[in-house]
Amino acid sequence: MEIARAALRDLPSVDAVLNSATAAALLERFGRSASTEAIRTVLAETRIALKSRMLPPPTVEQVATLALSRLADGDRTALRPLFNLTGTVLHTNLGRAVLAEVAIEAAVAAMRDPVALEFDLATGRRGERDDHVRDLLCALTGAEDATVVNNNAAAVLLSLNTLAAGREAIVSRGELIEIGGAFRMPDIMSRAGAKLVEVGTTNRTHPKDYKSAINEATGVILKVHTSNYRVLGFTSDVGGAELARISADRNVPLMNDLGSGTIVDLSRYGLKKEPTVREAVAEGADVVTFSGDKLLGGPQAGFIVGKRAIIDAINRNPMKRALRVDKIRLAAIEATLKLYRDPDRLAERLPTLRLLARPRSEIEDQARRLSPAVQQSVGRGFTVTICECESQIGSGALPLDTIPSAGLRITSNTGGIALERLAAALRGLRRPVIGRLEDGAIVLDLRCLTDETEFLSVLNALDSDPSAQFQNGQPSR
Ligand SMILES: *Cc1c(COP(=O)(O)O)cnc(C)c1O
């Protein structure tokens, strides 16, 4: 008790801590008011700890360090960069595509200064924000005209509203998809003001189903790329080219929602082929919609390409204004699309493609290189082994076609709770490491690991976390 009382008496004052060397850094970074507040809190917590345990009083430097780590923790944004080692390259919950360097530079430059967003530098008159990407999109897809909105859900909503508000939209039952979150085709249709007319059955839809559904009230025939599932077995659907013939015959526009929609033939890079936007346009669709941040590898955006008269009508729709993209993303989109003009160097420059195209052998070498250091960091309570695994493209693209990959499999030598604690510790790192929990192991698929040095330096903190010594403000020694 004597010692405890002495320790309490010797507890440094707020002013003394504020005058310490470490406090200078604290004040510089967080200002006087937040720093003083944090020091007070640390001192109050320490006082409580000293009453119940026999401990020496902390030094001014220790209190200042605790206050600093407290504020730094609170200051960390959850949007900080992380390591996506889930094996899903385009992970919707982790922000999908990471951008190419040129796109990042373009976005940063557009953020910093005014740009000619809706201003024609040649004539000095008002311009249109679509002008920056229209020609590129047309050249890359073969479409007559193009526009861009917030995301593909917006592209679908806007196109349907323009073509079929107060009218009927015909869709195959096999294509009434739900895509993560709250995107369900029937709901989007009703919000677009279109009346859904389902044709065919879940597994089979025939040309005659479409033909007999068309009437004077039909606004659009909608084809949806069933990107996130596949119906197997006794199936048939009506292809884009045949649907285009039916729609042209009856003078009803055909809209094709491609979802991922790639601009290049992915088989060129060793991946399975997805329908390209150019093919959908060439088949005769009047409107094609696709995402900017899926296989295309750009920022979040939704592209609408197609016949000029329809794109004109879409641009006149007042809803367009509510769905438009800002200068930052437009700059990044333009830079990303320009990369597609040189397909030979695309895989080098576009991270999405580069990551998807990495062969297993290369990733396996990386796993072998990293394994000893990772074992060291996680400690003797765990066993790290090199494993083969399967990556996914993600965002609904080619859901059944996985890509051979490799990684590290971490198992606990003491049980599941330790494993979950480790997963939580990995998520709590300065740069969080996100793997996947699978069959009683944490699997780190290394396909998307590009910065090994940073990865190792971040993992180092697992066993040397400075704030761990003073959990809850209680000095442990
Ligand atoms: C992903 C997807 C959408 C939604 O696109 P977002 O860019 O996420 O808004 C719509 N339709 C299909 C077929 C999709 O795959």
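D73 counts as partly exposed, at 45% relative accessibility, and its place is in helix α4. The model shown here is a predicted one. From D73 to T123 the chain runs 50 residues in sequence, while the two C-alpha atoms are 52 Å apart in space. With that residue as a starting point, here is a short tour, grouped by topic.

**The chain as a whole**

- The protein chain has 477 residues, and buried residues make up 48% of them.
- Its secondary structure comes to 19 helices and 15 strands.
- Measuring along the principal axes is a handy way to picture the overall extent: the C-alpha trace spans about 95 × 55 × 40 Å.

**Helix α3 and its bend**

- Helix α3 covers residues 21-52, and its end C-alpha atoms are only 30 Å apart.
- How far would a straight helix of 32 residues span? At 1.5 Å a residue, the span would be 46 Å.
- Where is the kink in α3 centred? The centre is G31, and the kink there is about 120 degrees.

**How α3 meets α4**

- Two packed helices are described by the angle between their axes and the distance between the axes.
- For α3 and α4 (residues 60-75), the packing angle is about 100 degrees and the axes lie 7 Å apart.
- Because angles of 65 to 115 degrees count as roughly perpendicular, α3 is roughly perpendicular to α4.
- Sorted by class, the residues in this contact are 16 nonpolar, 4 polar and 5 charged.
- D73, the residue that opened this briefing, belongs to α4.

**Pairs separated along the chain**

- R53 sits in the loop between α3 and α4, and its relative accessible area of 34% makes it partly exposed.
- R53 and L136 are 83 residues apart in sequence, and from C-alpha to C-alpha they are 70 Å apart in space.
- L446 is part of the loop between β15 (441-445) and α19 (452-460).
- Is L446 buried or exposed? With a relative accessible area of 0%, L446 is buried.
- L446 and E362 are 84 residues apart along the chain, and 9.9 Å separates their C-alpha atoms.

**Two residues with positive phi**

- Most residues other than glycine have a negative phi.
- R96 is not a glycine, yet its phi is positive, at about 55 degrees.
- You can find R96 in the loop between β1 (83-84) and α5 (101-112).
- R96 is buried, its relative accessible area being 19%; the cut-off for buried is under 20%.
- N251 also is a residue other than glycine with a positive phi, near 60 degrees.
- The loop that holds N251 runs between α10 (240-250) and β8 (254-259).
- Is N251 buried or exposed? N251 counts as exposed, with 71% relative accessibility.

**Cysteines without a disulfide**

- A disulfide is a covalent bond between the sulfur atoms of two cysteines.
- How many disulfides does the count come to? The count is 0 disulfides.
- Why is C387 not bonded to C389? The closest cysteine sulfur to that of C387 is in C389, and at 4.8 Å it is too far for a bond, because a disulfide needs the two sulfur atoms within 2.5 Å.
- Seen from the other side, C389 is in no disulfide, and its nearest cysteine sulfur is that of C387, 4.8 Å away.
- C387 is buried, with 12% relative accessible area.
- C389 is buried as well, with a relative accessible area of 6%.

Conventions. Residues numbered from 1 in each chain as written. Predicted model: local features only at pLDDT ≥ 70, side-chain atom pairs only at ≥ 80, totals over all residues. Heavy atoms only, no water. Buried < 20%, exposed > 50% of the residue type's maximum accessible area, 1.4 Å probe, protein only. Helix = DSSP H or I, 4+ residues; strand = E, 2+ residues; numbered from the N terminus. Expected span 1.5 Å × (residues − 1). Bend = angle between axes of the 7 residues up to and from the residue. Axes fitted to C-alpha atoms, helices over the stretch in contact; angles between N-to-C directions. Parallel < 35°, antiparallel > 145°, perpendicular 65-115°, else oblique. Nonpolar A, V, L, I, M, F, W, Y, C, P; charged D, E, K, R; others polar.
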